[in-house]
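Have a look at the sequence and the model below. The report after it walks through the helices, the surface patches and the charged pairs.

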Amino acid sequence: FIMAKQVEQLEKEKKELQERLKNQEKKIDYFERAKRLEEIPLIKTAYEEQRVHDLELWEQQEEERITTLQLEREKALEHKSRLSRMLEDRDLFEARLKASRRTVYEDKLKQFQERLAEERRNRLEERKKQRKEERRITYYREKEEEEQRLREEQLLK
């Protein structure tokens with residue numbers, strides 16, 4: 001009997017514990033939902049504030065960028081007008097420089113052409129000598145072979 005009462009008591013405690021856990025879970029769910037419902041408007045307002053702040057910052061940076069670009073353009077125009085006065089001097093300097101370099105180039109080209117022609121003549125002369133020597137050697141070799149053939153014919157007779 002005592003054992004049955006103990007088992008019954010344990011089951012009752014177990015059910016109570018499960019009931020308490022279930023109620024606690026419901027409370028936590030309720031609080032979480034309530035918290036979310038309370039947070040949603042706050043998150044939306046924070047998002048809107050951040051968006052407005054970001055927009056203002058972007059507009060400020062854009063204005064700064066535009067003013068710096070305008071200042072750079074003005075400086076560039078000043079430089080252009082200042083440098084345009086030197087345009088004639090630059091062109092004259094370039095013309096002189098190109099003329100002097102052209103004369104140096106033409107002199108070097110002329111020297112190269114002369115060396116090239118001299119080298120061609122030398123190589124042509126060398127090939128001429130080489131061919132002449134080859135023909136002479138070929139002539140003597142053929143003559144020697146002819147004499148050798150004649151001697152062999154004489155010996156055979």
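Tyr105 sits in helix H2, which covers residues 87–156. Keep in mind that what you're looking at is a predicted model. Is Tyr105 buried, exposed or something in between? Its relative accessibility is 49%, so Tyr105 counts as partly exposed, given that "exposed" needs over 50%. Tyr105 also has company: together with Leu109 and Phe112, Tyr105 makes up a nonpolar patch on the surface. Added together, those three residues have about 290 Å² of accessible area.

Now for a patch with another character. Glu56, Glu59, Glu63 and Glu64 gather on the surface as a patch of negative charge. Take Glu63 as one of them: Glu63 belongs to helix H1, which runs over residues 2–84. Glu63 has a relative accessibility of 55%, so Glu63 counts as exposed.

Next, the charged pairs. How many salt bridges does a search of the whole structure find? The count is twelve. Here are three of them, with the gap between the closest N and O atoms.

| Salt bridge | N to O distance |
|---|---|
| Arg65 and Glu62 | 2.5 Å |
| Glu119 and Arg123 | 3.2 Å |
| Arg136 and Glu133 | 2.4 Å |

Let's go through them in turn. Arg65 and Glu62 are both part of helix H1, and three residues, or about one turn of the helix, lie between their positions. Arg65 has 42% relative accessibility, so it counts as partly exposed. Glu62 is partly exposed too, because its relative accessibility is 22%, and a residue would have to be under 20% to be called buried.

The pair Glu119 and Arg123 belongs to helix H2, with the partners four residues apart, again about one turn of the helix. Where do these two fall on the scale from buried to exposed? Glu119 is at 38% relative accessibility and so counts as partly exposed, whereas Arg123 is at 52% and so counts as exposed.

Why are Arg136 and Glu133 separated by about one helical turn? Because they are three residues apart in helix H2. Arg136 has a relative accessible area of 41%, which means it is partly exposed. Glu133 is partly exposed as well, with a relative accessible area of 35%. Salt bridges can also share partners: that is how Arg90, Asp91 and Glu94 are joined into one network.

What about the helices from end to end? Glu11 is a residue of helix H1, and its relative accessibility of 49% makes it partly exposed. The C-alpha atoms of Glu11 and Arg82 are separated by 101 Å, with their positions 71 residues apart along the chain.

Finally, here's what the record says. An unreviewed UniProt entry lists "coiled-coil region" for residues 3–34 and 59–149. How does the model look over those stretches? Residues 3–34 are 100% helix and 0% strand, and the end C-alpha atoms of that span lie 46 Å apart. Residues 59–149 are 98% helix and 0% strand, with 110 Å between the end C-alpha atoms.

Terms used: Residues numbered from 1 in each chain as written. Predicted model: local features only at pLDDT ≥ 70, side-chain atom pairs only at ≥ 80, totals over all residues. Heavy atoms only, no water. UniProt positions renumbered as here; feature names shortened; annotations may be inferred. Helix = DSSP H or I, 4+ residues; strand = E, 2+ residues; numbered from the N terminus. Patch = residues over 30% accessible without salt bridge, like charges linked within 9 Å, V, L, I, M, F, W, Y side chains within 5 Å. Areas by Shrake-Rupley, 256 points an atom, 1.4 Å probe, with all protein chains shown as cover. Salt bridge = Lys/Arg side-chain N within 4 Å of Asp/Glu carboxyl O. Lys, Arg positive; Asp, Glu negative; His and termini not counted. Charge placed at Lys NZ, Arg CZ, Asp CG, Glu CD. Buried < 20%, exposed > 50% of the residue type's maximum accessible area, 1.4 Å probe, protein only.
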